[in-house]
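User: I am new to this structure. Please pick one part, look at it closely and tell me what surrounds it.

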Amino acid sequence: MKKTLLITGGAGFIGSHVVRLFVNKYPDYKIVNLDALTYAGNLENLKDIENAPNYVFEKADITDGPHINSIFEKYNFDGVIHLAAESHVDRSIEDPNAFIQTNVMGTANLLNAARALWKNNMDGKRFYHVSTDEVYGSLGEEGFFLETTPYDPQSPYSASKAASDHLVRAYGNTYHLPFVITNCSNNYGPNHFPEKLVPLFINNIKNNKPLPVYGDGKYTRDWLYVKDHARAIDMVFHDGRNGETYNIGGFNEWQNIELVKLLCKEMDVRLGRELGTSEQLIAYIKDRPGHDRRYAIDANKLNKELGWYPSVTFEEGLRLTIDWYMANEDWLNHVTSGDYKKYYEKQYKM
Ligand code: NAD
Ligand code: DAU
């Protein structure tokens with residue numbers, strides 16, 4: 001084996017696409033997927049590669065420092081790609097502590113374990129921290145987030161991610177821990193937990209349930225197909241410059257309401273419904289507290305330095321996503337049963 005890599009959060013949405021890409025593309029790497037399997041983690045996401053000879057799963061919680069240290073000693077990792085996190089803004093408003101524990105303390109535990117393991121030789125080692133554009137706060141109608149945009153997080157989720165980014169840079173500066181950070185915009189695609197806008201609305205349209213649009217629906221996000229994010233992570237992990245930050249985005253801004261209308265149209269076609277049927281499900285509801293108005297990423301640094309650009313257009317990506325959800329009813333049924341039902345009823349009172 002040429003390298004042994006730790007990928008945290010590999011049973012989640014983005015992590016599962018990253019694990020699959022690395023397991024298939026690098027047969028001479030050993031890939032260790034470490035995940036606590038919270039409500040958002042699902043090993044069904046990785047059924048197709050679970051028996052690959054270069055893949056190992058470790059069930060562990062990154063908030064458990066001693067357990068994390070023992071896993072670093074067991075595998076002697078050459079690199080870490082850290083995705084494990086509490087990731088849903090609405091849940092962070094309900095229960096900030098879980099976000100502080102996992103996103104801040106959990107990241108600190110991983111940094112400490114990497115520092116201890118690599119203390120005598122940091123050559124060729126790399127700690128890759130996967131972060132979000134939400135750390136930059138909210139934009140007005142103009143402008144884009146650059147890597148130099150000052151941090152201004154607005155939700156408990158984004159504040160906890162910002163804190164973890166600062167810790168990674170501090171370990172780089174103080175202990176010379178080799179690191180890279182990427183800050184990415186909104187992802188969508190297969191295996192996305194249906195609490196987030198795109199998969200929640202696909203599921204609701206399919207089941208003729210209301211589509212809860214927050215506030216005036218004119219909030220703007222920049223959408224990226226998840227496999228293009230995984231490609232970017234591969235490029236930055238291998239070729240990104242040490243100590244650098246790279247923004248990743250889709251060059252693809254949509255107001256929520258316009259996105260929802262497009263989704264309704266595509267779903268009408270897919271379900272053989274008369275055009276306009278699904279739009280009738282749109283229901284404007286109370287806004288998310290502290291809702292960020294607009295995110296838009298300038299991803300030109302990554303494009304210029306490493307040649308990355310999204311490979312999938314939004315229309316294509318949305319169709320691929322809808323097709324995946326329609327073909328994977330069992331997956332949806334499994335993840336929407338139990339605890340998720342309780343969360344949904346409390347959040348939306350619908
Ligand atoms: P997700 O919620 O789908 O998955 C998170 C994974 O982390 C799950 O498998 C979960 O079981 C695991 N996890 C949670 N707490 C853990 C703990 N204490 N110990 C070990 N594992 C734990 O998240 P996602 O959407 O795939 O996001 C992955 C990463 O990418 C996160 O760091 C997130 O901040 C970042 N990000 C997400 C987006 C997006 O649009 N989804 C965009 C930019 C950045
Ligand atoms: O920008 C990157 C971030 O994108 C990631 O760091 C987060 O992990 C990820 O969850 C996502 O955060 P958002 O808050 O932007 O995603 P969400 O899908 O929750 O919401 C997208 C937009 O849609 C946002 O403006 C809120 C709105 N929305 C969301 C839900 C769930 C609604 O109007 N109704 C809803 O029911």
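Analyst: The answer below starts with a cavity, moves to one residue of its lining, and ends with a helix for contrast.

This is a predicted model, in which local features need pLDDT of at least 70, side-chain atom pairs count only at pLDDT 80 or more, and totals for chains, interfaces and linings use all residues. Residues are numbered from 1 along each chain as its sequence is written, chains are lettered from A and ligands numbered from 1 in the order in which they are written, and side-chain values use heavy atoms, without hydrogens or water.

The structure holds one cavity of 30 Å³ or more. A cavity here is a set of points on a 1 Å grid over the protein atoms alone, where a 1.4 Å probe fits but cannot get out. Its volume is about 50 Å³. Val89, Glu134, Ser155 and Arg221 help to line it. So do Arg288, Pro289, Gly290, His291, Asp292 and Tyr295. Lining residues have an atom within 4 Å of a point. Three of them are nonpolar, three polar and four charged.

Now take tyrosine 295 from that lining. It sits in the loop between β12 (282–285) and α9 (300–306). Its relative accessibility is 2%, so tyrosine 295 counts as buried (under 20% relative accessible area, 1.4 Å probe, protein chains only). The side chains of tyrosine 295 and aspartate 292 make a polar contact of 2.6 Å (N or O atoms within 3.5 Å, one able to donate a hydrogen and the other to accept it). Aspartate 292 also belongs to the cavity lining.

Beyond four places in sequence, tyrosine 295 is in contact (heavy atoms within 4.5 Å) with residues including Asp133, Gly137, Leu139, Phe145 and Asn186. Glu134 and Arg221 are among its contacts too, and both line the cavity. Glycine 15 lies 280 residues away along the chain, and its C-alpha atom is 22 Å from that of tyrosine 295.

For contrast, look at helix α2, residues 65–75 (a DSSP run of H or I, at least four residues). Its buried residues are Gly65, Ile68, Ile71, Phe72 and Tyr75. They fall within an arc of 125° seen down the axis (directions from the axis to the C-beta atoms), so they line one face of the helix. Pro66, Glu73 and Lys74 are exposed (over 50%) on the other side. The buried residues pack against β1 (3–8), β2 (29–35), β3 (55–59), β4 (79–82) and α4 (96–117). Asparagine 76 follows α2, with a positive phi near 55°.

Conventions. Helix = DSSP H or I, 4+ residues; strand = E, 2+ residues; numbered from the N terminus. 1 Å grid on protein atoms, 1.4 Å probe; cavity = no way out; pocket = protein on both sides within 12 Å on 5 of 7 lines; lining within 4 Å. Points joined across faces, edges and corners; volume = space filled by probe spheres on them. Nonpolar A, V, L, I, M, F, W, Y, C, P; charged D, E, K, R; others polar.
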